[in-house]
Amino acid sequence: MVCDLGKLVRSPFARLRSLLGSIEPGAEPIDMSIGAPRHPMPDFVADIIHDHAADWQPYPPIRGTDGLRKAVANWHGLRYPSLREQIDPEAHILPLSGSREGLFSATFLALARKPHVARPVVLIPNPFYQAYAAGALVGGAEPRFLPTTEATGFLPDFEAVPEDVLARSAAIFLASPANPQGVVASRPYLHELIALARRWDVMLFLDECYSEIYSDAPPPGALEVAAETGSLANVVSFNSLSKRSNVPGLRSGFCAGDPDFISRFAGFRNVACPQMPLPVQHASAALWGDEAHVEANRALYREKFEIAGSALGIRAPAGGFFLWLDASALGGGEEAALHLWREAGVKVIPGAYLAVETDGAIPGAERIRVALVGDAATTREGLMRTAEVLGPS
Ligand SMILES: Cc1ncc(COP(=O)(O)O)c(C=O)c1O
């Protein structure tokens with residue numbers, strides 16, 4: 001198969017490496033480019049894995065243990081009260097080895113629902129998480145990128161998608177809270193999007209892996225909004241322990257929602273996708289059952305957003321752990337990344353590296369993404385240096 005995968009799905013970190021090349025950092029380096037959680041993971045994770053050492057031996061069930069699916073179903077009921085008793089661990093939940101592999105492979109099932117369409121479309125926000133585009137391209141679909149700029153409230157304007165494109169669409173991706181912008185899709189926005197997905201019989205894939213990292217109000221969930229319509233049809237939520245519980249190395253996530261889709265995805269995954277090792281399933285069940293460590297984790301992020309507020313005079317985003325800073329005063333994101341590295345030793349991602357060009361512009365090219373994943377002292381130092389280089393906001 002020939003597709004322009006390499007062109008569209010380039011690692012932003014590899015691009016950053018070539019941008020910075022052999023330039024020496026202007027101070028002791030502080031890496032704020034990678035969005036990998038670095039807060040400590042709960043102690044009980046290692047204990048549970050140790051206690052289930054014998055469970056590394058068998059092949060794990062692709063649908064997961066009853067214990068894991070029940071823990072995820074209970075978590076939905078606690079987090080989204082209107083979903084209490086609404087999520088059936090058998091019908092609605094499927095474990096994933098981290099949400100990324102699921103976000104990639106779910107597209108194949110969405111495409112299989114549209115056999116009559118010669119080249120189905122996958123609608124993707126721009127900037128975007130690259131697994132969405134990778135799935136579309138490998139599946140032979142056409143990725144259509146929808147700009148998410150200040151003018152659109154940093155969320156895609158799905159109402160602006162022409163009807164002939166919607167008629168060919170197989171899947172819609174949306175991240176809420178969004179990476180990198182940190183905006184949260186409101187209930188009315190989600191209601192309209194769900195209605196649109198159903199009108200055109202498109203699968204709506206909601207990437208909610210940042211749902212537990214928020215500033216004030218917990219972001220609404222796609223499934224709780226769908227449930228208000230009396231059905232979960234066409235809606236699948238993807239979530240993960242990577243950010244919520246600081247265990248990106250555990251590779252533990254799930255997808256949940258439309259029972260017909262979940263059943264067909266489970267069948268597909270049974271022959272084509274990785275199972276989650278049993279000790280990881282046991283640890284995951286315990287993590288979904290505990291909120292104390294999640295609250296402590298949020299408090300650490302809140303502290304760092306307060307630091308960002310005083311250093312840069314900005315407000316915390318509604319969710320996620322990134323700053324999406326306007327660097328047009330320095331000539332745009334790439335220029336700013338170069339300045340920050342050369343003058344201050346701070347490594348950040350140029351916004352353009354997270355997006356592609358649509359209609360002659362790269363949304364977010366004037367911005368930089370700053371990940372607040374380090375400890376408070378390092379973050380403070382990095383942000384003070386950033387403020388100095390960026391100048392007054
Ligand atoms: C927007 C978004 N979606 C999904 C993922 C995948 O996370 P994981 O595979 O660890 O669950 C990430 C990770 O950085 C992300 O930023």
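Colleague: Which residues does Ile93 touch, not counting residues up to four places away in sequence?

Modeller: This is a predicted model, so read everything below as a description of that prediction. Ile93 touches Arg63, Arg69, Val72, Ala73, Ile87, Asp88, Cys255, Ala256 and Ile262. Its place is in strand S2, residues 93-96.

Colleague: Is Ile93 buried or exposed?

Modeller: Ile93 is buried, because its relative accessible area is 1% and the cut-off for buried is under 20%. There is also a link across the sequence: Ile93 and Phe254 lie 161 residues apart along the chain, but their C-alpha atoms are 6.9 Å apart in space.

Colleague: What sheet does S2 sit in, and in what order do the strands come?

Modeller: The general idea goes like this. Strands of a sheet pair through backbone hydrogen bonds, in a parallel or an antiparallel sense. Here, 7 strands make an open sheet in the order S2-S8-S7-S6-S5-S3-S4, and the pairing is mixed. S2 and S4 (142-147) are the edge strands, each pairing on one side only. On average, neighbouring strands are turned by 20° against each other, direction ignored.

Colleague: How many bridges join S3 to S5?

Modeller: Strand S3 (residues 121-126) runs parallel to S5, and 3 bridges join them. Within that pairing, Val121 stands opposite Ser169 in S5. On the other pairing I'd look at, S5 (residues 169-175) and S6 are parallel too, over 5 bridges. Phe173 has Phe205 of S6 as its bridge partner.

Colleague: Which way do the side chains of S6 point?

Modeller: As a rule, side chains in a regular strand alternate between the two faces of the sheet. In S6, Met203, Phe205 and Asp207 point one way, while Leu204 and Leu206 point the other way, and all are buried. So S6 (residues 203-207) is largely enclosed by the rest of the structure, with 5 of its 5 residues buried.

Colleague: At what angle do helices H5 and H11 pack?

Modeller: H5 (residues 99-112) and H11 (residues 259-272) pack at about 105°, and their axes are 10 Å apart. That makes H5 roughly perpendicular to H11. On the H5 side the meeting residues are Glu101, Gly102, Ser105, Ala106, Phe108, Leu109 and Ala110, and on the H11 side Phe261, Arg264, Phe265, Phe268 and Arg269. By character, the residues of this contact divide into 7 nonpolar, 2 polar and 3 charged.

Colleague: What about the other sheet: what is the order of its 3 strands?

Modeller: It's an open sheet in the order S9-S12-S11, with antiparallel pairing. S9 (322-326) and S11 (349-350) stand at the edges with a single partner strand each, so one side of each has no neighbour in the sheet. S11 and S12 (residues 367-371) run antiparallel and are joined by 2 bridges. Ile349 has Arg369 in S12 as its bridge partner. Helix H14 (residues 333-344) packs on this sheet, touching S11 and S12, and its direction makes about 50° with that of S12.

Colleague: Is Glu335 in H14 buried, partly exposed or exposed?

Modeller: Glu335, found in helix H14, is partly exposed, with a relative accessible area of 36%.

Colleague: I like to check backbone oddities. Where are the cis peptide bonds?

Modeller: One joins Asn126 and Pro127, with omega about 5°. Pro127 is found in the loop between S3 and helix H6 (130-138). Another cis bond runs from Asn179 to Pro180, with omega near 20°, and Pro180 is found in the loop between S5 and helix H8 (187-199).

Colleague: And which residues other than glycine have a positive phi?

Modeller: Asn246 is one of them, with phi of about 60°, and Asp359 has phi near 50°. Asn246 is in the loop between helix H10 (241-244) and S8 and counts as buried at 8% relative accessibility. Asp359 is in the loop between S11 and S12, and at 79% Asp359 counts as exposed.

Colleague: How is the chain divided into domains?

Modeller: Domain 1 takes 5-40 + 293-390 and domain 2 takes 44-290. Their centres, taken over C-alpha atoms, are separated by 26 Å. The contact takes 31 residues from domain 1 and 34 residues from domain 2.

Note on methods
Residues are numbered from 1 along each chain as its sequence is written. This is a predicted model: local features need pLDDT of at least 70, side-chain atom pairs count only at pLDDT 80 or more; totals for chains, interfaces and linings use all residues. Side-chain values use heavy atoms; hydrogens and water are left out. Helices (H or I, at least four residues) and strands (E, at least two) are DSSP runs, numbered from the N terminus. Buried means under 20% relative accessible area, exposed over 50%, partly exposed in between (1.4 Å probe, protein chains only). Contact means heavy atoms within 4.5 Å. Axes are lines fitted to C-alpha atoms, for helices over the stretch in contact, and angles run from 0 to 180 degrees between N-to-C directions. Angles under 35 degrees count as roughly parallel, over 145 as roughly antiparallel, 65 to 115 as roughly perpendicular and the rest as oblique. Ala, Val, Leu, Ile, Met, Phe, Trp, Tyr, Cys and Pro count as nonpolar, Asp, Glu, Lys and Arg as charged, and the others, Gly among them, as polar. Two strands pair if DSSP finds at least two bridges between them. Domain bounds come from an automatic or database domain assignment.
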